[in-house]
Amino acid sequence: MRSINLEFKQKQSLNLSLKLWLPLLQLPLGELSTHLETLSYENPFLEVKRPFEQNLGSSHGIVEELILGSESLHEKIIEQIVPPLFPTPISQKVAHEILCDINEEGYFDGNIEDIAQMCGVYTEYVERIRQRFSKLEPYGIGALDSKESFVFQLDALSDDIDDELYNLVLKMIDQMAKVDKFFKHGRFEEAKAIIKKFANPPAVEYQAASKQIIPDFYVEVGDDITLRINNDYYPDILINDPFSSKSEHIKEKLKEARDIVNLLELRKTTLYKIVLLVVERQLSFFVGGELKPLNMANLADELSFAESTISRAISNKYIESKQGIFPLKSFFTNAVATKELSSSEIKNFINQQIEYEDKSEPLTDDDLLERIEKRFNIKMVRRTITKYRKLMNVASSKERKKIYKVQA
């Protein structure tokens with residue numbers, strides 16, 4: 001009986017540590033203080049001192065634009081990834097991975113297949129979990145685009161409107177470009193009023209109170225690699241232990257407070273290892289070259305981390321170098337045709353070609369394909385070039401020709 005109780009306590013302690021650890025690893029640097037203060041409200045032994053209370057003299061110290069105390073989009077979503085909507089550990093794991101790929105506008109811009117492979121599930125399962133984000137607030141987050149976001153937001157209203165109005169709004173969303181064709185419908189104005197209330201993008205209210213981008217590390221590359229952690233934005237944590245007690249509840253709270261201190265240091269060392277390896281692998285970029293192929297699976301193997309740990313760690317993290325401030329996630333690029341060539345190099349080449357193209361006869365995707373195959377001595381298909389062009393928000397050759405004429 002004693003061994004069963006001990007095993008239960010150990011499992012309970014592990015679950016608590018994971019519950020504390022995952023947000024600490026995944027949160028942006030600028031949101032750590034707010035998150036830790038929330039934990040301190042429930043723990044009398046935990047005292048958090050915000051960075052601005054520490055009289056920092058660094059040029060990279062706190063700036064007035066930093067907004068403090070408001071709940072972030074990430075915090076809002078993560079507190080909803082719980083039963084009954086996400087009842088199992090695997091459903092919660094998949095949901096957390098999806099959260100990593102929700103951008104600042106609230107849209108999902110990740111890869112379903114990558115998440116499925118990372119979590120050891122089918123792509124259909126990941127998609128089902130993503131669809132459950134339609135039930136989370138702010139409504140519309142996790143959608144692929146504005147149309148699906150509107151459908152998510154409509155579903156959130158389904159209990160408050162009748163079927164006729166619901167179906168009309170659904171049809172209007174599906175044919176948004178021709179919405180006026182419905183004006184003869186007796187409930188057109190009602191439906192239009194509902195659509196006007198939808199948030200576009202879904203995270204617009206969080207964008208209005210967005211925080212300044214704060215780099216987690218500063219990188220300098222010369223004869224050596226200098227990697228410096230941005231300690232200016234890390235809060236100080238004090239452990240108050242004014243008395244000793246035999247109360248199990250008090251002992252647990254005290255242990256939790258100490259665990260948080262250790263986990264905060266673990267966040268620093270984990271990120272340091274990841275960033276150092278990323279900089280070493282992408283050294284050519286920091287000396288003026290292109291990004292090389294780099295994926296999370298290889299990095300995870302080298303550091304003996306789970307791939308999901310790498311995914312969480314790089315989410316919402318930034319590094320600053322002489323080239324500028326970059327999301328850590330942007331240094332992970334897929335290989336194209338050969339292990340030595342990255343998709344980033346292809347995209348940069350496309351940009352260069354379009355920048356100097358003949359404005360009267362812009363390059364088609366077939367033209368770009370021909371130049372890429374000749375330049376890199378590889379074989380590709382045109383739809384891949386089209387995909388890269390769209391990912392970079394570059395218009396088609398016909399659209400660019402119209403734009404050039406207007407500009408002229």
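Serine 40 lies in helix α2, and this residue of the predicted model is a convenient place to begin. The protein chain as a whole has 18 helices and eight strands, and of its 408 residues, 44% count as buried. Among the contacts between residues at least 6 apart in sequence, 64% join residues at least 24 apart.

**Helix α2 and strand β1**

- Serine 40 has a relative accessible area of 15%, and because buried means under 20%, this residue counts as buried.
- Once its neighbours within four places in sequence are left aside, serine 40 is in contact with Leu46 and Val48.
- Helix α2 covers residues 32–40, and eight of these nine residues are buried, so the helix is largely enclosed by the rest of the structure.
- The buried residues of α2 are Leu32, Ser33, Thr34, His35, Leu36, Glu37, Leu39 and Ser40.
- Strand β1 is made of residues 46–49, and lysine 49 has its place in this strand.
- Lysine 49 is partly exposed, since its relative accessible area is 30%, a value that falls between the 20% limit for buried and the 50% limit for exposed.
- Lysine 49 and tyrosine 234 are 185 residues apart in sequence, while in space their C-alpha atoms are 9.3 Å apart.

**Helix α16, from its length to its faces**

- Helix α16 has 12 residues (365–376), which at 1.5 Å a residue should span 16 Å, and the C-alpha atoms at its ends are indeed 16 Å apart, so the expected and the computed values agree.
- Within α16, the residues Asp365, Leu368, Leu369, Ile372, Glu373 and Phe376 are buried.
- When α16 is viewed down its axis, these buried residues fall within an arc of 130°, which means that they line one face of the helix.
- On the other side of α16, the residues Glu370, Lys374 and Arg375 are exposed.
- Asparagine 377 follows α16, and its phi is positive, near 55°.

**Salt bridges**

- A search of the whole structure finds 20 salt bridges, and three of the pairs are described here, beginning with aspartate 162 and arginine 187.
- Aspartate 162 and arginine 187 form a salt bridge in which the closest N and O atoms are 2.8 Å apart.
- Aspartate 162 sits in the loop between α7 (146–156) and α8 (163–174), whereas arginine 187 sits in the loop between α8 and α9 (188–197), so this pair ties together parts that are 25 residues apart in sequence.
- Aspartate 162 counts as partly exposed because its relative accessibility is 35%, whereas arginine 187, at 17% relative accessibility, counts as buried.
- These two residues also belong to a network of salt bridges that links Asp162, Glu164, Arg187 and Glu190.
- Lysine 255 and aspartate 259 meet through their side chains in another salt bridge, with an N to O distance of 2.9 Å.
- Both lysine 255 and aspartate 259 lie in helix α11 (residues 248–281), where they are four residues apart, or about one turn of the helix.
- Lysine 255 is partly exposed, with a relative accessible area of 42%, whereas aspartate 259 is buried, with a relative accessible area of 16%.
- Arginine 382 forms a salt bridge with aspartate 366, and here the closest N and O atoms are 3.6 Å apart.
- This pair links distant parts of the chain, since arginine 382 belongs to helix α17 (residues 382–391) and aspartate 366 to helix α16, with their positions 16 residues apart in sequence.
- Arginine 382 counts as partly exposed at 41% relative accessibility, and aspartate 366 is also partly exposed, with a relative accessible area of 46%.

**How α8 and α9 pack**

- Two packed helices are described by the angle between their axes and by the distance between those axes.
- For α8 and α9, the angle is about 65° and the axes are 9 Å apart, and the crossing of the two helices is right-handed.
- The α8 residues Leu165, Leu168, Val169, Met172 and Ile173 meet Phe188, Glu190, Ala191, Lys192, Ile194 and Ile195 of α9.
- Glu190 therefore appears in two settings, because it is one of the α9 residues that meet α8 and is also one of the residues in the salt-bridge network.

Notes: Residues numbered from 1 in each chain as written. Predicted model: local features only at pLDDT ≥ 70, side-chain atom pairs only at ≥ 80, totals over all residues. Heavy atoms only, no water. Expected span 1.5 Å × (residues − 1). Buried < 20%, exposed > 50% of the residue type's maximum accessible area, 1.4 Å probe, protein only. Arc of directions from axis to C-beta. Salt bridge = Lys/Arg side-chain N within 4 Å of Asp/Glu carboxyl O. Axes fitted to C-alpha atoms, helices over the stretch in contact; angles between N-to-C directions. Left-handed = near helix turned anticlockwise from the far one by under 90°. Contact = heavy atoms within 4.5 Å.
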